[in-house]
Structure formats: C-alpha cells, structure tokens
Amino acid sequence: MLQIEDVHARYGHVHALRGVSLSVREGETVTLIGANGAGKSTLMTSILGAPRISSGRIRFQGASLQGLGVHEISRRGIAISPEGRRVFPRMTVTENLLMGATFADPATRGTDMQRMFDMFPILSERSQQLAGTLSGGEQQMLAIARALMSHPRLLLMDEPSLGLAPIYIRKVFEIIEMLNRDHGMTILLVEQNANQALRVAHRAYVLQQGSIVMSGTGRELLQSPEVRAAYLEGGKSHNDPAVAAVA
Ligand code: ATP
C-alpha cells in the first residue's frame, strides 16, 4: 500500500533521512522505533509532503505522492494523528471532529460522528467541551478520532502514547489493536514505547540517525538482543544514539 524507497530529506544542512526504504502492506500495523532525533517524525511528515524529500520515491497505492498538497494526500486516503496531538484547543470536541471530516463526504458526517462517539464514549460525554480543557489522554483519543473522520485507508500515528498516564497508554495500544483487527485499518506507528509498539505490530523497522538499521516482525525485534539492549532494557538508553547503535 505504501512504498518508501531510498528517501532523503534535509532541513538546511541537517540530513534527517539518509536513504530510507520501507513498506506497509494493506491490513498491516507497521511500527518505526528509534531514539530521539532519529528521524521518525520527519519520515511521517515527509509522507504528507513537509519536508519535501530531496530524493527517493514515496508511492501510495501505486501512485507517487510527490508534489501533491496535503489536501490531495488526505483525499487519497492518508490521515495522521500528529505528535503532540495538536487538537484545536478553542474548538469543542464536536468541532474538532468536523475539522477531520473537511474532505470527507458531507452526507456521512452525522453517522461518522456517531461512529466516533461509539468507539470513544468519553468523546461523546465531552462533545461540547473545549478541546484545550480535555486531559492529555482525552486529547489523544480526539486526535485519533479526528483522523478517522476522513475514512483513511492508511492511518499514520506519531507517538500516540507520548506523555500519557499509564492507563491511557494501555488504552491507546488497545485502540491500535482494535482498529487493525476489527476495522482492517492499515497503520504506520511511530513510537518511543518500543516494547508496546513491537507487541502490536506485524512488522517493524529501527531507524537510527536517519537510516533503517534493522527490520523484521514485531516478535523478531522484541527478541533481538540488540533491540532489547538499546530500546527495551536499560532505562533511558533508548535516548542515547551511542547506546542505540544496533547496526
Ligand atoms: P523525537 O522522537 O525526539 O520526536 P524523531 O526521531 O521524530 O525524534 P525528528 O523530529 O524527525 O526525529 O528529527 C530528525 C532530525 O531532524 C533531528 O536532528 C532534528 O533536530 C532535525 N529536525 C527536525 N525538524 C527540524 C526542523 N524543522 N528544522 C531543522 N531541523 C529539524
């Protein structure tokens, strides 16, 4: 469904992606793990055209995404639940959900909204509350629901568990599993919580300093001594690129 081939991306003199290749097949949950600054968010946002890649190819359902605006990419079936959630704080929950449906069929908005309220009952309870006054976990539910309002074929999830209380971290991973298993959603998940991410993923890639250094099934990477040492054990070691040298 998504093919990324030999992609390079730069911010000025910072060479953030250095020849990244990965693929996501229809129906899969694929996770990308890596230390702070490895380039995970850059890879996610470059799929949506910002930053523009300096070389390489990104194809979705057989067609190139290069040069397309974010609206056209959304229309083709890709949605993101962004890092840091980025809900519209001065809008209500309902208004935030409607923003997610901007490019969807207006005729289905009512049923789509009800679907989200059924999936995330807390959003139904909070429907008229300003999004900025929701808890971090509630905002994350809203960010995921808002992305789903556009009926994506591919859902990009950038650090959905970041900064959440343990109860919401568990909930976020349950939602990821539920979306994939019960709704057939194809998911590309970026996470620092490597342990949980590898458990829910069919396949996974390890990104280190802008390059993919390892890939395999979620189970294979969970059992890999290098991944365990760099990302799963040893407390803060996953934040240290020197310790995270798994190549
Ligand atoms: P984290 O887990 O901390 O979010 P990440 O793996 O998502 O990290 P990126 O945010 O993609 O990493 O950053 C990759 C590299 O690109 C880093 O060196 C970062 O400093 C740099 N970078 C990211 N965004 C910009 C920007 N807007 N301008 C300049 N450099 C940037």
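# A guided tour, starting at helix α1

Begin by selecting α1, which is mostly covered, with six of its eight residues buried. Bear in mind from the outset that the model in your viewer is predicted. If you colour the buried residues of this element, you will be picking out Lys 40, Thr 42, Leu 43, Met 44, Ser 46 and Ile 47.

**The ligand and its surroundings**

Keep α1 highlighted and now show the ligand, which has 14 residues around it, the closest being Gly 37, Lys 40, Ser 41, Thr 42 and Gln 192. Which element gives the largest share of this shell? It is α1, from which three residues of the shell come.

Next, display the side chains that place polar atoms beside the ligand, beginning with Lys 40, where a polar side-chain atom lies 2.8 Å from an oxygen atom of the ligand. Turn then to Glu 83, whose side chain has an N or O atom 3.4 Å from an oxygen atom of the ligand, and afterwards to Glu 159, where the corresponding distance from a side-chain N or O atom to a ligand oxygen is 3.3 Å. If you switch on a surface at this point, you can look at how the protein covers 60% of the 630 Å² of accessible area that the ligand has on its own. The elements that contribute two or more residues to the shell are β2, which runs over residues 14-24, and α1, which runs over residues 40-47. Coloured by class, the shell shows five nonpolar, six polar and three charged residues.

**From Ser 41 to Asp 158**

Select Ser 41 again, and follow its side chain to that of Asp 158, with which it makes a polar contact at 3.0 Å. Asp 158 belongs to strand β7, which covers residues 154-158. Is this residue buried or exposed, and how far away is the nearest side chain of opposite charge? Asp 158 is buried yet has no salt bridge, and the nearest side chain of opposite charge, that of Arg 86, is 7.0 Å away. The cut-off that matters here is that a salt bridge needs a side-chain nitrogen of Lys or Arg within 4 Å of a carboxyl oxygen of Asp or Glu.

**The loop after α1**

Return to α1 and step just past its end to Gly 49, which takes a positive phi of about 95°. Gly 49 sits in the loop between α1 and β4, and with a relative accessible area of 17% it counts as buried, because buried means under 20%. A little further along, select Ala 50 and Pro 51 together and inspect the peptide bond from the one to the other, which is cis, with omega near 5°. Pro 51 also lies in the loop between α1 and β4, the latter being residues 55-60.

**Two positive phi angles outside glycine**

Now select Asp 6, which is found in strand β1 (residues 2-11) and has a positive phi of about 50° although it is not a glycine. Its relative accessibility is 40%, so Asp 6 counts as partly exposed. Then move to Gln 61 in the loop between β4 and β5, a residue other than glycine whose phi is positive as well, near 50°. Gln 61 has a relative accessibility of 40% and is therefore partly exposed.

**Salt bridges**

For the last stops, turn to the salt bridges, of which a search of the whole structure finds nine. Select Glu 28 and Arg 203, whose side chains meet in a salt bridge at 2.7 Å, N to O. Because Glu 28 lies in the loop between β2 and β3 while Arg 203 is in strand β9, the pair ties together parts that are 175 residues apart in sequence. Both partners are buried, Glu 28 with a relative accessible area of 7% and Arg 203 with one of 15%. Add Arg 25 to the selection, and you have a network in which Arg 25, Glu 28 and Arg 203 are linked by salt bridges.

Finish at Glu 72, which forms a salt bridge with Arg 75 at 3.0 Å, N to O, and another with Arg 76, where the closest N and O atoms are 2.9 Å apart. Why are Arg 75 and Glu 72 separated by about one helical turn? They are three residues apart in helix α2, which covers residues 70-75. An α-helix has 3.6 residues a turn, so residues three or four places apart point the same way. As for accessibility, Arg 75 is exposed at 57%, whereas Glu 72 is partly exposed at 22% and Arg 76 is partly exposed at 28%.

Technical notes. Residues numbered from 1 in each chain as written. Predicted model: local features only at pLDDT ≥ 70, side-chain atom pairs only at ≥ 80, totals over all residues. Heavy atoms only, no water. Near = heavy atom within 4 Å. Polar contact = N/O pair within 3.5 Å; in protein donor to acceptor, adjacent residues only side chain to side chain. Areas by Shrake-Rupley, 256 points an atom, 1.4 Å probe, with all protein chains shown as cover. Helix = DSSP H or I, 4+ residues; strand = E, 2+ residues; numbered from the N terminus. Nonpolar A, V, L, I, M, F, W, Y, C, P; charged D, E, K, R; others polar. Buried < 20%, exposed > 50% of the residue type's maximum accessible area, 1.4 Å probe, protein only. Lys, Arg positive; Asp, Glu negative; His and termini not counted.
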